[in-house]
Each structure stands twice: as structure tokens, then as C-alpha cells.
Amino acid sequence: MKQIIITEHELSGARLTIPFTALGKLGPKHHAIVVGVHRVTGQLLVAELSRKFGHRVVPMEQWFTDNSKYLALLTVAPNAGTRSNAEVAQSAIAEVAEKLADDGKPGYDLIFNNCETFAERHSQGELVKAKLSPQVRKVLRTAGVVIATGAVILGKRIR
């Protein structure tokens with residue numbers, strides 16, 4: 001991967017979040033990080049880890065095109081992590097470069113290394129890879145409640 005030379009932008013470090021199902025804001029969301037402006041092309045760049053594309057840094061317009069189905073529900077949140085905006089951007093770009101240089105494999109894992117953990121890892125400055133993302137925890141918690149409720153109902157019918 002060629003070295004990406006960026007200039008900080010007012011959105012650097014911000015998190016882009018967009019739903020990717022018909023559930024909209026109630027359902028699962030895709031997360032990415034705005035990293036800055038490419039010094040040569042002037043394009044605003046976004047870093048992400050996705051199941052479809054793996055690790056990548058792309059112009060924001062391309063990211064919008066790739067996520068156009070629910071673009072109207074896009075949210076842009078300023079960096080609320082422990083790192084500065086510049087640190088978030090540099091860290092995200094460094095991970096993308098490292099993963100692409102290693103073996104080109106995406107490294108995506110729905111449970112432990114997804115787009116949300118990618119965004120959290122860079123905004124918080126800590127290794128969150130081994131933790132479940134908040135979205136995954138929510139799904140598992142909901143599934144647990146459904147299973148427990150079903151067990152109670154089934155238990156009452158068996159008696």
C-alpha cells in the first residue's frame with residue numbers, strides 16, 4: 001500500500017455510523033472513521049474494516065456509494081474517545097497499512113474484530129479486539145432473554 005499523506009480535517013477522528021438492514025437505526029450498524037484529507041487529491045478519506053472489503057482507506061464519496069442503501073440514516077459523531085482526533089486517524093491508517101502489508105487478508109470477525117471494534121480500538125487507544133462489541137453484546141443479551149422466556153413458557157406447559 002502506498003503511503004497516504006493526509007492533512008487533519010475538522011471531521012478527522014469522527015465516527016460514521018450507518019444502518020445496513022431494513023431495521024434502520026434499531027438494527028445493526030456499520031462503523032468507520034474519518035481520517036483526514038488526502039494532500040494530493042483533496043479528498044476526505046475514511047478508514048474501515050468491513051466483511052465485504054476488509055481493511056481499507058477510501059474517499060468518503062466511495063464509502064457513501066458503497067453504503068448508499070441507508071445513507072439517509074447516516075450519523076456523524078465527533079470523536080468521544082480517549083485519543084486525540086489526529087491519533088485516532090493515524091492509528092486507523094496504520095492498522096489498515098499493517099493488515100494489507102501482512103497478508104492482504106481482511107481479518108474481519110463478526111464477534112471479536114468487526115467494524116465497531118475497529119472504531120472503538122482507535123478512538124479508545126486500547127486493545128478491544130478480545131471484547132465483544134456493544135452491538136454483539138446487545139444481540140446476545142436479547143437472544144438470552146428470548147431463550148429464557150421460551151424455557152419458562154415451555155417449562156409451564158410441560159408441568
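The legends below accompany close-up views of a predicted model.

**Figure 1. Overall architecture of the predicted protein.** The secondary structure of the protein comprises four helices and six strands, and when it is read along the sequence these elements follow the pattern β-β-β-β-β-α-β-α-α-α. Of the 159 residues of the protein, 36% count as buried, while the protein exposes about 9500 Å², of which carbon and sulfur atoms supply 60%. Among the contacts with a separation of 6 or more, 55% are accounted for by residues that are 24 or more positions apart.

**Figure 2. Helix α3 and its covered residues.** Helix α3, which spans residues 115-124, is mostly covered, with eight of its 10 residues buried. These buried residues are Cys-115, Glu-116, Thr-117, Phe-118, Ala-119, Arg-121, His-122 and Ser-123, a list in which charged and polar side chains such as Glu-116 and Arg-121 appear as well as Phe-118. After the helix comes Gly-125, and the phi of Gly-125 is positive, near 70 degrees.

**Figure 3. The N-terminal cap of α3.** Asn-114 is placed in the loop between α2 (85-102) and α3, and Asn-114 caps the N-terminal end of α3. The capping contact runs from a side-chain oxygen of Asn-114 to the backbone nitrogen of Glu-116, at a distance of 2.9 Å. Asn-114 counts as buried because its relative accessibility is 4%, which is under the 20% limit used for that term.

**Figure 4. The largest nonpolar core, with a second core apart from it.** In soluble globular proteins, nonpolar side chains tend to be buried together. The largest nonpolar core in this model has 14 residues, of which Ile-6, Ile-33, Val-35, Ala-47, Val-57, Ala-92 and Phe-118 touch the most other members. Two or more residues of this core come from each of β3 (29-38), β4 (44-50), α2 and α3, and α2 gives the most, with five residues. A second core, separate from this one, has 12 residues and includes Leu-16, Val-46, Val-58 and Met-60.

**Figure 5. Surroundings of Phe-118.** Phe-118 is one of the buried residues of α3 and is also among the members of the largest nonpolar core that touch the most other members. When neighbours within four places in sequence are left aside, Phe-118 is in contact with Ile-33, Ala-47, Glu-48, Leu-49, His-55, Ala-92, Glu-95 and Val-96, a set that includes Ile-33, Ala-47 and Ala-92 from the same core.

**Figure 6. A nonpolar patch at the surface.** Leu-110, Ile-111 and Phe-112 make a nonpolar surface patch of about 270 Å². Within this patch, Ile-111 belongs to the loop between α2 and α3, and Ile-111 is described as partly exposed because its relative accessible area is 31%, a value that lies between the limits of 20% and 50%.

**Figure 7. Polar contacts and neighbours of Asn-79.** Asn-79 is found in the loop between β6 (75-77) and α2. A polar atom of the Asn-79 side chain lies 2.7 Å from the backbone oxygen of Arg-83, and the side chain of Asn-79 also makes a polar contact with the side chain of Asn-85, at 3.1 Å. Not counting residues up to four places away in sequence, Asn-79 touches Gly-13, Ala-14, Ser-84, Asn-85, Val-88 and Ser-123, and of these Ser-123 is one of the buried residues of α3.

Terms used. Residues numbered from 1 in each chain as written. Predicted model: local features only at pLDDT ≥ 70, side-chain atom pairs only at ≥ 80, totals over all residues. Heavy atoms only, no water. Buried < 20%, exposed > 50% of the residue type's maximum accessible area, 1.4 Å probe, protein only. Polar contact = N/O pair within 3.5 Å; in protein donor to acceptor, adjacent residues only side chain to side chain. Core = buried A, V, L, I, M, F, W, Y, C linked by side-chain atoms within 4.5 Å. Contact = heavy atoms within 4.5 Å. Patch = residues over 30% accessible without salt bridge, like charges linked within 9 Å, V, L, I, M, F, W, Y side chains within 5 Å. Areas by Shrake-Rupley, 256 points an atom, 1.4 Å probe, with all protein chains shown as cover. Salt bridge = Lys/Arg side-chain N within 4 Å of Asp/Glu carboxyl O.
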